Amino acid sequence: MALNDQETYEPTRQRWTIILVSVVSFMAGLDVLVLMTALPTMREELGASAAELGWTINAYEIGFAALILTGSALGDRYGRRLLFVLGVGIFTAGSVWGALSTSIEMLIAARAFQGLGGGVAIALSLALISAATPPAKRGAAFGIWGAITGTAVAVGPIVGGAIVHVLAWQWIFWVNVPVGIILVALSLVKIAESKGITIPIDVVGVVLSTVGIVGLAQALLRGGEAGWTAPSVLIGIVGGILLLVAFVLWEHRNPAPMMPLSMFRNMSFTGGCGASFIMGVALYGQTFIFAQYLQVALQNDALGVGIKLLPWVSLSPLVAPLAGQLTDKIGERPLVIAGFVLFAAAFFIIPPLAANDASYGTLVIPLLIAGIGVPMTFVTMASAVMRSVELARLGIASGVSIAVRQVGAVFGVAVAVAVFSSTGSFASPEAFVDGYGPAATVLAIITLLGV
């Protein structure tokens with residue numbers, strides 16, 4: 001049974017909900033960023049190509065996108081805490097599978113399964129926080145969530161580098177297992193159950209959106225290597241776009257859509273979702289390609305990559321809470337715009353420096369600028385979306401927002417791989433820089449669309 005508002009806003013429940021949900025978000029973010037620093041090592045040990053490396057990220061992100069909206073609808077119907085816990089359990093089991101992988105194909109499958117669980121859990125994260133927190137304090141709550149999630153951004157690269165340097169890349173997955181078990185147990189006891197609007201599961205919508213995303217993403221990943229005029233690539237691009245258009249048309253006609261288009265009439269919700277998509281493209285695409293630039297072009301080992309990413313990511317735990325507090329006072333728009341401008345500016349500056357063989361020291365200031373822009377945008381996007389809907393639609397709103405962001409992440413990595421593969425290669429540091437510059441610049445241009 002859903003709790004009433006007084007019980008939902010009980011202070012102890014608020015604190016536990018914010019902490020536990022944030023730690024799960026921390027795990028999900030850590031798992032992407034930890035893996036980023038291990039990509040070159042896995043490329044050597046598993047004999048993976050650039051496209052296959054992209055799929056170790058994209059399989060996870062596609063898994064996320066596939067069940068986010070379905071998980072949200074199930075959470076509203078059967079209980080948000082119940083589905084949240086189930087998602088954490090699947091994520092943990094997927095981590096075991098990833099750790100035991102002996103081939104790149106097995107690892108990609110494990111990552112997809114892990115993403116399915118993570119998608120269900122993360123889909124309900126903002127809804128659980130919103131259901132436990134009064135509207136006037138949600139900006140601050142999302143700031144805490146953003147700070148803890150941002151800590152994953154800060155420690156992920158260096159943890160991943162240390163694990164690969166001292167142990168092996170498989171331990172990136174093993175560390176999730178005991179944490180996941182503890183989170184399941186605590187969530188069942190400390191998080192209050194809540195429900196929302198009960199709607200039928202939109203099976204057609206799930207199929208159209210998932211197949212459309214997979215088709216388009218795999219075509220973008222393979223286009224640089226197979227050729228953009230290859231029949232399989234053209235079929236993937238055209239077919240993916242057509243399926244996504246069909247998904248939107250179906251959602252318009254369906255009386256119980258998985259993504260209610262009426263929600264987009266609220267400009268705060270629409271703006272927040274649009275910003276989420278652009279930030280997904282920009283953040284994941286830039287992280288994917290820049291981590292490899294540090295290792296391949298600047299000849300750092302995995303631990304060195306983690307350390308040298310710190311200027312970019314270390315400010316997130318400080319900026320996110322401040323952004324959350326400011327959001328409660330001045331609103332989301334100015335902070336979102338400022339965040340996008342800062343992030344785009346940083347990655348317009350870095351490619352010319354990289355092309356001219358600049359030392360790492362010259363990159364520190366742009367990385368710090370990017371490190372302010374990301375959390376500033378991340379927290380305020382969530383606030384804009386969740387403030388714009390009534391309590392009963394929190395699950396769906398949370399799911400739509402995060403699904404859009406994860407779809408953006410899929411395309412961000414796909415765009416990075418596509419542009420890089422068309423203009424550069426792993427043959428030498430110079431060849432890598434030839435591909436890195438155009439890829440980072442294209443992603444920076446896309447970032448400006450967020451403004």
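## Helices and a loop

Helices here are DSSP runs of at least four residues, numbered from the N terminus. With that in hand, you can place leucine 124: this residue sits in the loop that links α5 (104-123) to α6. Keep in mind as you explore that this is a predicted model.

## Leucine 124 and its contacts

Is leucine 124 buried or exposed? Buried means under 20% relative accessible area, and leucine 124 has a relative accessibility of 0%, so it counts as buried.

Which residues does leucine 124 touch, once those up to four places away in sequence are set aside? They are Gly71, Ser72, Gly75, Arg80, Leu83, Phe84 and Ser398. You can also look for leucine 74: it is 50 residues away from leucine 124 in sequence, while their C-alpha atoms are 10.0 Å apart in space.

## The enclosed helix α6

Now follow the chain into α6, which covers residues 125-132. Eight of its eight residues are buried, so the helix is largely enclosed by the rest of the structure. Among these buried residues are Leu126, Leu128 and Ile129, along with Ser125 and Ser130.

## A nonpolar patch on the surface

Let's turn to the surface. Ile337, Val341, Phe348, Ile445, Leu448 and Val451 make a nonpolar patch there of about 470 Å². Two helices, α16 (333-355) and α19 (429-448), supply at least two residues each. Which helix gives the most to the patch? That is α16, with three residues.

Valine 341 is a good one to find in the model, within helix α16. Its relative accessibility is 40%, so valine 341 counts as partly exposed.

Notes:
Residues numbered from 1 in each chain as written. Predicted model: local features only at pLDDT ≥ 70, side-chain atom pairs only at ≥ 80, totals over all residues. Heavy atoms only, no water. Patch = residues over 30% accessible without salt bridge, like charges linked within 9 Å, V, L, I, M, F, W, Y side chains within 5 Å. Areas by Shrake-Rupley, 256 points an atom, 1.4 Å probe, with all protein chains shown as cover. Salt bridge = Lys/Arg side-chain N within 4 Å of Asp/Glu carboxyl O. Buried < 20%, exposed > 50% of the residue type's maximum accessible area, 1.4 Å probe, protein only. Contact = heavy atoms within 4.5 Å.
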